[in-house]
Structure formats: structure tokens, C-alpha cells
Amino acid sequence: MKSFDTNLLLRLILSDVPKQSEEVNALFNDASQKYSVADLAFAEIVWVLQGAHYRYSRERIAINVQSILAIPQINCNHVMLEKAVFLYIKHPKISF
């Protein structure tokens with residue numbers, strides 16, 4: 001199984017590098033392909049999006065993480081990550 005790293009997922013979320021974003025989106029055209037994503041990649045996504053450059057709100061970050069979790073070809077620890085997103089929103093004093 002192929003894997004996705006933080007950079008690929010950020011291109012998908014941000015669409016800030018059009019050519020790379022198009023290439024990542026194209027990977028999902030084949031429904032038979034599965035892509036593994038490490039738990040750490042999600043933590044890195046949150047860290048980047050909430051950082052000084054992007055300053056995404058917790059709610060916006062949660063929406064983006066949940067949109068990745070909803071992609072059928074993404075193989076990750078869905079149960080743990082969904083709980084983490086819920087706690088991240090519910091308890092603003094804790095980090096992801």
C-alpha cells in the first residue's frame with residue numbers, strides 16, 4: 001500500500017501549489033487504490049494549519065481533518081482520529 005505524507009495532504013487542503021494539488025486529487029480517481037496515512041501526519045497537519053502562517057481556527061482545522069478522513073481511499077486510524085478531533089474542538093486548552 002502506498003502512503004501519503006503531510007506535504008501531500010497539505011497540498012490537498014490548501015491548494016496552494018496548483019500543479020501538486022491537481023496531482024494529489026488525480027490519485028483519488030482510482031477507487032481501487034488505498035493510501036496509508038500515519039497518525040503523526042494528522043498531528044503535523046494541525047500544527048501547520050494552526051501556526052503563525054495560516055492561523056486556522058480549531059473548527060476550520062477539524063473540518064479539514066474530517067474531510068481527509070472521509071476520503072474512502074485513505075487508510076488510517078479513523079476511530080482514534082475522530083475522537084481526537086472531537087476532543088480538540090471540545091477542549092480548547094488541549095493540543096491535538
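Here are some questions and answers about this predicted model.

Me: Happy to start with the overall layout. In what order do the elements of the chain run from the N terminus on?
Reply: The chain has five helices and three strands. Read from the N terminus on, these elements run β-α-α-β-α-α-β-α.

Me: What radius of gyration does the chain have, set against that of a compact globule?
Reply: The C-alpha trace spans about 40 × 30 × 15 Å along its principal axes. A compact globule of 96 residues would have a radius of gyration near 12 Å. The chain agrees with that, at 13 Å.

Me: Among contacts between residues at least 6 apart in sequence, what share joins residues at least 24 apart?
Reply: Let's take burial alongside this: buried residues make up 35% of the 96 in the chain. As for contacts between residues at least 6 apart in sequence, the share joining residues at least 24 apart is 63%.

Me: On to the surface. What part of the accessible surface belongs to carbon and sulfur atoms?
Reply: The accessible surface of the chain comes to about 5900 Å². The part that belongs to carbon and sulfur atoms is 56%.

Me: Now for helix α3. How far apart are its end C-alpha atoms?
Reply: Helix α3 takes in residues 39–50, which is 12 residues. At 1.5 Å a residue, α3 should span 16 Å. The distance between its end C-alpha atoms agrees with this, at 17 Å.

Me: Within what arc do the buried residues of α3 fall?
Reply: The buried residues of α3 are A41, F42, I45, V46 and L49. They line one face of the helix, because, seen down its axis, they fall within an arc of 140°.

Me: Which exposed residues does the face of α3 turned away from its buried side carry?
Reply: A good one to check in the structure. The buried residues of α3 pack against α1 (6–14), β2 (35–37), α4 (58–69) and α5 (78–90). The face turned away from that buried side carries the exposed residues L40 and W47.

Me: Let's move to α4. Within what arc do its buried residues fall?
Reply: With 12 residues, α4 reaches 16 Å from its first C-alpha to its last, close to the 16 Å expected. Its buried residues are R58, I61, A62, N64, V65, I68 and L69. Seen down the axis of α4, these residues line one face, since they fall within an arc of 165°.

Me: Which elements are included in what covers the buried residues of α4?
Reply: R58 and L69 are among the buried residues of α4. What covers the buried residues of this helix includes α1, α3, β3 (74–75) and α5.

Me: Turning to salt bridges, which residue does R11 meet in one?
Reply: The structure holds two salt bridges. R11 is buried, with a relative accessible area of 9%. Its partner is partly exposed, at 36%. The two side chains meet at 2.9 Å, N to O, and the partner of R11 is D16.

Me: And the salt bridge of E23 and K19: by about how much of the helix are these residues separated?
Reply: The side chains of E23 and K19 meet at 2.8 Å, N to O. E23 is partly exposed, with a relative accessible area of 42%, whereas K19 is exposed, at 57%. An α-helix has 3.6 residues a turn, so residues three or four places apart point the same way. Being four residues apart in helix α2 (residues 18–27), E23 and K19 are separated by about one helical turn.

Methods:
Residues are numbered from 1 along each chain as its sequence is written. This is a predicted model: local features need pLDDT of at least 70, side-chain atom pairs count only at pLDDT 80 or more; totals for chains, interfaces and linings use all residues. Side-chain values use heavy atoms; hydrogens and water are left out. Helices (H or I, at least four residues) and strands (E, at least two) are DSSP runs, numbered from the N terminus. The expected span of a helix is 1.5 Å times one less than its number of residues. Buried means under 20% relative accessible area, exposed over 50%, partly exposed in between (1.4 Å probe, protein chains only). The arc is that of the directions from the helix axis to the C-beta atoms. Contact means heavy atoms within 4.5 Å. A salt bridge is a side-chain nitrogen of Lys or Arg within 4 Å of a carboxyl oxygen of Asp or Glu. The radius of gyration is taken over C-alpha atoms; the globule rule is 2.2 Å times the number of residues to the power 0.38. Accessible areas come from the Shrake-Rupley method with a 1.4 Å probe; for residues, only the protein chains shown count as cover.
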